[in-house]
Amino acid sequence: MSHHLLDVRDLRHAYPDGTLALDGPTFTLHHGEAVALVGANGAGKSTLLKHLNGSLRPTAGEVRVGELPVHPGTLAQIRRTVGMVFQDPDDMLFMPTVLEDVAFGPRNQGFPVGEADARALEALQQVGAAHLAAKAPYHLSMGEKRRCALAAVLAMAPDILVLDEPSTGLDPRGRRLLVDLLRAFTHTRVLATHDLDLALRLCPRTLVLHRGRLVADGPTREILADRARMEAWELEAWPPEG
Amino acid sequence: MASLADALLDLREMDRLARLDTPIHRLEPRAKVLATALFLAVLASFGPREVSSLLPLALFPVALAALGGIPFALVVRKVALGLPFILVLGAFLPWLERMPALQVGPLVLSAGWLAYGSLLARGILAMATATVLVAATGFGEMCAALDRLGAPRAFSQQLLFLHRYLFLVGEEAERARQARALRAAGRPLSAREFGPFAGHLLIRSWERAERVHLALCARGFEGTLPKRVQGRFRRREWTFLLGWATFFILCRWRPLPVLLGSLLPGGAP
């Protein structure tokens, strides 16, 4: 394994309609880092995240996870290393029960049912949702769904956690629980979020995307407090004035 | 359209019922699938105008529902949903076969009416049994049982995905219906609105399905869902299967109404 965990080089992505969603962001992530990815709507955050686990193929440029370049031949290994929690947990929770859903990843990794279930239960315990194991995913609240979706990824024991808008739809208590939970993790974490307070609480480093380009990479507190630049990137400075 | 939410609720209710703990639920799913398959085969093997001979077979879904804690109202709702198709399917039978076949008092029934009645009875029994099977087994377990019984993997997986995507499309449709209803002031959906409504629903469902697929792939899905280990055939499964098989065979080759009739004084042996 290399000294850095994730390496994104001059990544470009154009959608079939010609929209250039990513215009050359380049950055490196090191072991154990927690990085916030912020930007206005349409800045390219979700597109970038999808490249990190090979869900999309770049028009140009490269993503490397450790020594491995992300391409169709390495996807199985990449997805074992990069765990992605999608924006809408309903897109992830697909099996009849929470336990089966959380065990879905370990089963695909080749673990026998007993061990996959044990891993799933452990992951559910980690997120404080073991009591939901036998429930159907659609009977859960949004906060519970988020926890189970997170457990579904943790059960695969990834090195890197990628979270797309993890606080969307959560009430204040659910959001606080999520912050406590994510703070407790030692994984390398990438959070795409509009929730700048969440970014400030969880991530010492922030990347700012603006119209597909990486326009800032530095300490979260400094970047979010720079009102003039945040305004130029169509973002609100944090903490807000007044 | 207002019944869309009810239909979704019914699907969820079926999933909830599948997790009950009753003697029927505890049976290995293959036993239930095999017994149901045998039931359907026997049901299909009766002559086209037989009605009364089919009636004893109703004991199978009724017993399963009663022992499995499946509410009869749910079964009736599901049967009512499919009934119009059968009613339309056989609607021409009374006109195609007009020769008299049965006289009940002053009423003379043609062969076509008997065939129509038989078709209806078979349809109702088949739909009721399928509903009870799914509610007392769970769709996922039933697909896994089919898989273990040697059904083509693609078939059982497609069934499983169909079930999952039904929820997705249903939820999208319900959201769109509610959004429209809030601005429609009680006006029903017109034919002119139906096209764009269905189009949007298709696109939204498609996009949702794509996101679900991406999420599955992100967790190592490569085209086949992992198999769950199921239980083994034990004495209770064999008893269940052989008991019902004997009953079905009796119904088919020694119809119970005839058998009961023969036991009465003066009845034919």
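## Rings, charges and odd backbone spots

B:Tyr165 is partly exposed, with 22% relative accessible area. That is a good way into this predicted model, because B:Tyr165 sits just past the 20% line under which a residue counts as buried. Over all chains there are 15 aromatic pairs, and B:Tyr165 belongs to one of them, with A:Phe94 as its partner. Below is a quick tour of that pair, its cluster, two charge-over-ring contacts and a few backbone oddities.

**The pair between chains**

- A:Phe94 and B:Tyr165 meet edge-to-face, with 5.6 Å centre to centre and 65° between the planes.
- This pair crosses from chain A to chain B: A:Phe94 comes from the loop between helix 3 (89-92) and helix 4 (98-108) of chain A, while B:Tyr165 is in helix 9 (residues 153-184) of chain B.
- On the chain A side, A:Phe94 is buried, at a relative accessible area of 6%.

**A pair within chain B, and the cluster**

- B:Phe161 and B:Phe221 also pair edge-to-face, at 5.9 Å centre to centre and with 70° between the planes.
- These two rings tie together distant parts of the chain, 60 residues apart: B:Phe161 is in helix 9 of chain B, and B:Phe221 is in the loop between helix 10 (191-218) and helix 11 (235-253).
- Both rings are on the buried side of the cut-off, because B:Phe161 has 14% relative accessibility and B:Phe221 has 8%, against a limit of 20%.
- Ring pairs join A:Phe94, A:Phe104, B:Phe161, B:Tyr165 and B:Phe221 into a cluster.

**One arginine, two rings**

- B:Arg252 has its charged end over the ring of B:Phe46, 4.9 Å from the ring centre.
- The charged end of B:Arg252 also sits over the ring of B:Trp253, here at 5.3 Å from the centre.

**Backbone oddities in chain A**

- A:Trp238 and A:Pro239 are joined by a cis peptide bond, with omega at about 0°. You'll find A:Pro239 in the segment after helix 10 (227-232) of chain A.
- A:Asp10 isn't a glycine, yet its phi is positive, at about 45°. A:Asp10 is part of strand 1 (residues 4-14) of chain A and is partly exposed, at 36% relative accessible area.
- A:Glu165, another non-glycine, has a positive phi of about 45° as well. A:Glu165 is in the loop between strand 8 (160-164) and helix 7 (172-184) of chain A, and counts as buried at 7% relative accessibility.

Notes. Residues numbered from 1 in each chain as written. Chains lettered and ligands numbered in written order. Predicted model: local features only at pLDDT ≥ 70, side-chain atom pairs only at ≥ 80, totals over all residues. Heavy atoms only, no water. Helix = DSSP H or I, 4+ residues; strand = E, 2+ residues; numbered from the N terminus. Buried < 20%, exposed > 50% of the residue type's maximum accessible area, 1.4 Å probe, protein only. Phe/Tyr/Trp six-rings, centres within 6.5 Å; stacked < 30°, edge-to-face > 60°. Lys NZ or Arg CZ within 6 Å of the ring centre and 35° of its normal.
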